[in-house]
Amino acid sequence: MQLKDTFMASNLLIVESPAKAKTIEKILGEDFVVKSCYGHIRDLPKNKIGLDLEGDFAPVYEVSEDKKAIVAELKKLSKKAEVWLATDEDREGEAISWHLCEVLGLDAQTTKRIVFNEITDTAIKKAVAHPRRLDLNLVNAQQARRAVDRIVGFELSPILWQKLSNRNLSAGRVQSVAVRLVVEREREIQNFNSISVFRVVAVFKVEKKIFKAELNKRFNTENEAQSFLNACIQSNFTVSDIQVKAVSKSPAAPFTTSTLQQEASRKLSFSVSKTMSVAQKLYESGKITYMRTDSTSLSEQARHAAADFIKTTYGSEFSHPTQYQTKSSTAQEAHEAIRPTYFDAESVGGTRDEQRLYELIWKRTIASQMSKAQLEKTLVKIDVLNREEIFVAEGEVVVFPGFLKVYLESTDDDESTEVSGMLPALSVSQQLSYAQIEARQKYSQAPARFTEASLVKRLEELGIGRPSTYAPTISTITQRGYVKKETKEGQPRDIISFSLKANESIINRQIVQETTGSLKGKMVPTDIGMLVNDYLTEHFERVLDYNFTANIEKEFDRIAEDKLDWVKVMKEFYTPFHEEVKISSAQKERVTGERNLGTDPETGKPVIARIGRYGPMIQIGSSEDEDKPKFAGLLEGQSIHSITFEEAMELFKLPRVVGSFEGKVIKANTGRFGPYVQHDKLFVSLKNHTPFSIDEASAIELIVAKRESDANKVIQVFEDGIEVLNGRFGPYIKKGKENYKIPKGMNAQSLTVEDCKKIINDTPEKKPLKKKKN
């Protein structure tokens with residue numbers, strides 16, 4: 001990331017990313033040189049809290065090692081030219097500009113600050129023509145958020161290390177609340193009692209056409225369902241009412257950050273972080289407007305451009321320019337929705353992901369400026385002779401497509417209501433005959449697990465987080481192992497079906513199967529996630545409260561509007577929070593989520609499911625016994641909250657002898673990093689097998705493949721146990737258990753043993769990790 005030494009222009013414009021710099025430099029020409037600071041140039045220190053907790057919470061910032069060369073170069077260039085700050089227009093961007101002023105020695109009151117929400121010739125030149133001063137209120141709002149999050153992380157995380165004996169754990173103001181949402185949804189599902197009813201659907205025929213109608217009542221028992229079908233054998237069916245209504249369907253508003261993340265998840269199967277990464281590239285290359293926003297409004301110029309395109313392409317009747325009002329009262333990240341910079345570009349170049357996301361944004365924006373779709377809905381009621389129940393048929397016909405010609409928003413519903421198209425011509429009092437009537441058992445469904453998209457939606461509904469925080473929050477809770485995205489096939493379930501066909505007097509009862517419990521990209525809490533959540537909600541109820549998190553976001557907004565002092569907010573937050581931390585730290589109990597499953601028949605010792613140092617496990621006996629306790633790790637899909645005594649005891653049958661290969665035994669087992677097979681000194685992870693299911697042939701296949709893979713990693717082997725290997729991040733030297741980086745410019749294949757020894761000797765010794773005091 002070294003910057004160029006050459007400098008000819010009289011103006012230096014600084015942005016965050018090199019891609020953005022490249023695009024803007026083409027627009028501004030020779031009078032400007034545009035450089036990137038590569039994001040934040042300084043931050044709070046990594047190994048200490050960096051805040052004056054006993055005074056005014058003044059932060060102590062430091063320039064990170066990887067940014068020192070960039071800062072030195074920017075300082076050098078800033079002495080030769082007038083500096084313009086063009087970082088993003090949200091609070092984070094304003095804070096980056098302020099840090100640049102502080103580090104480069106610029107006057108925040110006079111340094112020119114420009115903002116824009118699209119990288120186009122018009123927008124950039126307009127911004128340069130109308131610079132403003134740095135907005136310190138936005139900076140203070142960002143500092144307050146950073147300080148609160150730093151305090152929560154630095155003071156809660158050590159407590160989790162202490163209570164759960166795991167230094168990989170962390171807590172955060174927004175991430176912990178997000179985990180709570182996922183855990184509470186999982187508990188709803190676990191406590192849900194599914195009940196079955198019988199849904200009755202008839203297929204009626206009118207001349208050569210057929211249509212479906214559903215009974216307006218569902219039966220609780222087999223006898224009720226069968227009794228109704230018996231009554232239908234000798235019954236008559238008469239059209240009793242026909243209602244025809246003209247209805248209209250409105251287009252969805254242009255994208256905000258959260259709605260883009262939701263729709264990209266539904267339509268493109270993008271993760272939230274992938275959506276933001278691809279959108280960032282589209283913005284920096286000048287193809288869309290700024291992608292972190294909670295506003296749904298469009299500029300007047302954009303609405304006119306969209307209207308011109310719609311009229312030319314589809315006709316005047318399809319155009320309906322609309323200014324959408326932002327629903328969020330706290331909308332503050334930017335002043336416009338996410339939209340294409342040029343409406344006549346229906347598609348763009350770039351990667352396939354960039355093309356797909358751009359097309360989604362283009363269609364959504366164009367559709368938002370189009371006319372409503374006009375539909376005709378028909379509802380028909382059909383009486384059953386001598387019964388109170390009636391059949392209801394619904395039909396829907398598009399009279400004028402409007403925006404549907406371009407785009408229709410998706411939903412998160414697992415089941416959508418089926419509405420047929422056009423119904424056949426019917427009249428009141430018309431007699432109908434059926435082709436078939438079926439009563440099929442249907443089970444009530446538990447609440448749906450969150451997807452990334454629906455979790456973002458729920459966070460936004462609760463007022464938790466802001467456009468810039470959704471993606472990092474979800475990335476953090478998955479990387480920390482609190483939540484996992486699970487995809488699995490459903491299991492077959494038997495259901496009962498009664499059917500009655502035309503001209504038959506016998507009701508056919510049969511058992512059919514349906515698939516239930518399938519998951520695709522659903523967010524499921526892990527055992528450690530549930531345990532951390534339970535501890536935090538019990539001992540830090542205020543911080544984990546949804547209203548608290550939402551209210552402090554509102555306070556950040558008020559700081560940004562110069563209506564609240566950020567130091568006052570910090571004091572009101574920190575004083576009671578720190579008291580809770582002191583109380584919790586003083587308590588010595590460990591948290592393991594211990595669950596007694598029964599007694600081991602051989603030893604008479606208790607069998608316990610709990611969280612250990614390396615994750616969920618089963619333990620026979622206790623540390624106080626004369627003999628050491630026995631331990632077994634859980635398999636993929638097992639949980640300490642649901643594992644049975646029988647399943648737990650099976651785990652102690654491992655390691656299992658699978659067979660032999662080349663005269664040596666193959667064993668299957670599970671360990672700290674999951675299930676594996678072992679052959680001699682070779683260990684191979686199991687992906688599509690369990691230690692109980694893998695057979696000898698499959699194990700040998702994995703062993704041979706692992707050997708071939710390892711052989712490709714070895715570049716050179718020397719004396720004294722020195723190897724040159726090819727790793728995930730490139731070639732490196734290995735001696736014993738230590739790895740050594742090969743300096744740039746050296747060819748791994750031409751290294752001699754002397755070269756390797758010199759690199760090893762020149763490498764500084766790793767400093768031992770300091771124990772942190774709670």
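A cavity is a set of grid points where a 1.4 Å probe fits but cannot get out. Keep that in mind for the first exercise, and remember throughout that this is a predicted model.

**Exercise 1: Empty space inside**

Find how many cavities of 30 Å³ or more there are, then work out which residues line the second largest cavity.

*Solution.*
- Start with the count: by this rule there are two cavities of 30 Å³ or more.
- Next, pick the second largest cavity, which holds about 40 Å³ of space.
- Now look around its walls: the lining is made up of Ser-170, Gln-175, Ser-176, Val-179, Tyr-482, Val-532, Asn-533, Leu-536 and Leu-544.
- Two elements, α6 (173-190) and α14 (527-539), give two or more residues to this lining.
- Finally, sort the lining by class: five residues are nonpolar, four are polar and none is charged.

**Exercise 2: Rings that pair up**

Decide whether the ring pairs Tyr-61 with Trp-98 and Phe-573 with Phe-577 are stacked or edge-to-face.

*Solution.*
- The whole structure has 19 aromatic pairs.
- Take Tyr-61 and Trp-98: their centres are 6.1 Å apart and their planes meet at 75°. Planes over 60 degrees apart count as edge-to-face, so that's the label for Tyr-61 and Trp-98.
- Place the two rings in the chain: Tyr-61 is in the loop between β3 (42-43) and β4 (62-63), while Trp-98 belongs to helix α3 (residues 91-104). With these positions 37 residues apart, the pair links distant parts of the chain. Both residues are buried.
- Over to Phe-573 and Phe-577: the ring centres are 5.2 Å apart and the planes lie at 20°, so this pair is stacked.
- Both sit in helix α17 (residues 566-586), and being four residues apart puts about one helical turn between them. Phe-573 and Phe-577 are buried too.

For a bigger group, look up Phe-204, Phe-211, Phe-219, Phe-228, Phe-237, Phe-391 and Tyr-434, which ring pairs link into a cluster.

**Exercise 3: Charges over rings**

Find which rings have Arg-180 and Arg-185 over them.

*Solution.*
- Follow Arg-180 to its charged end, and you land over the ring of Tyr-546, 4.7 Å from the ring centre.
- Do likewise with Arg-185: here the ring is that of Phe-450, whose face Arg-185 lies over at 4.3 Å from the centre.

**Exercise 4: Salt bridges**

Side chains of opposite charge can pair when their charged atoms come close. Trace three such pairs, starting from Glu-263, Lys-377 and Lys-484.

*Solution.*
- The structure holds 44 salt bridges.
- Glu-263 bridges to Lys-267, with 3.0 Å between the closest N and O atoms. Both are in helix α8 (residues 257-268), four residues and about one turn apart. Glu-263 is buried at 0% relative accessible area, whereas Lys-267 is partly exposed at 31%.
- Lys-377 meets Glu-396 at 3.6 Å, N to O. Lys-377 is in strand β10 (residues 373-384) and Glu-396 in strand β11 (residues 390-400), so this bridge ties together parts 19 residues apart in sequence.
- Lys-484 pairs with Glu-636, the closest N and O atoms being 3.7 Å apart. Since Lys-484 is in strand β13 (residues 483-488) and Glu-636 is in the loop between β20 (630-633) and α18 (645-651), parts 152 residues apart in sequence are tied together. Lys-484 is partly exposed at 28%, and Glu-636 is exposed at 69%.
- To finish, check for shared partners: Glu-16, Lys-20, Asp-88, Asp-90 and Arg-292 are joined into one network.

Key. Residues are numbered from 1 along each chain as its sequence is written. This is a predicted model: local features need pLDDT of at least 70, side-chain atom pairs count only at pLDDT 80 or more; totals for chains, interfaces and linings use all residues. Side-chain values use heavy atoms; hydrogens and water are left out. Rings of Phe, Tyr and Trp (its six-membered ring) pair if their centres lie within 6.5 Å; planes under 30 degrees apart count as stacked, over 60 as edge-to-face and the rest as tilted. Buried means under 20% relative accessible area, exposed over 50%, partly exposed in between (1.4 Å probe, protein chains only). A charge sits over a ring if NZ of Lys or CZ of Arg is within 6 Å of the ring centre and within 35 degrees of the ring normal. On a 1 Å grid over the protein atoms alone, a cavity is a set of points where a 1.4 Å probe fits but cannot get out, and a pocket is an open set with protein on both sides within 12 Å along at least five of seven lines; lining residues have an atom within 4 Å of a point. Grid points are joined across faces, edges and corners, and a volume is the space filled by probe spheres set on the points. Ala, Val, Leu, Ile, Met, Phe, Trp, Tyr, Cys and Pro count as nonpolar, Asp, Glu, Lys and Arg as charged, and the others, Gly among them, as polar. A salt bridge is a side-chain nitrogen of Lys or Arg within 4 Å of a carboxyl oxygen of Asp or Glu.
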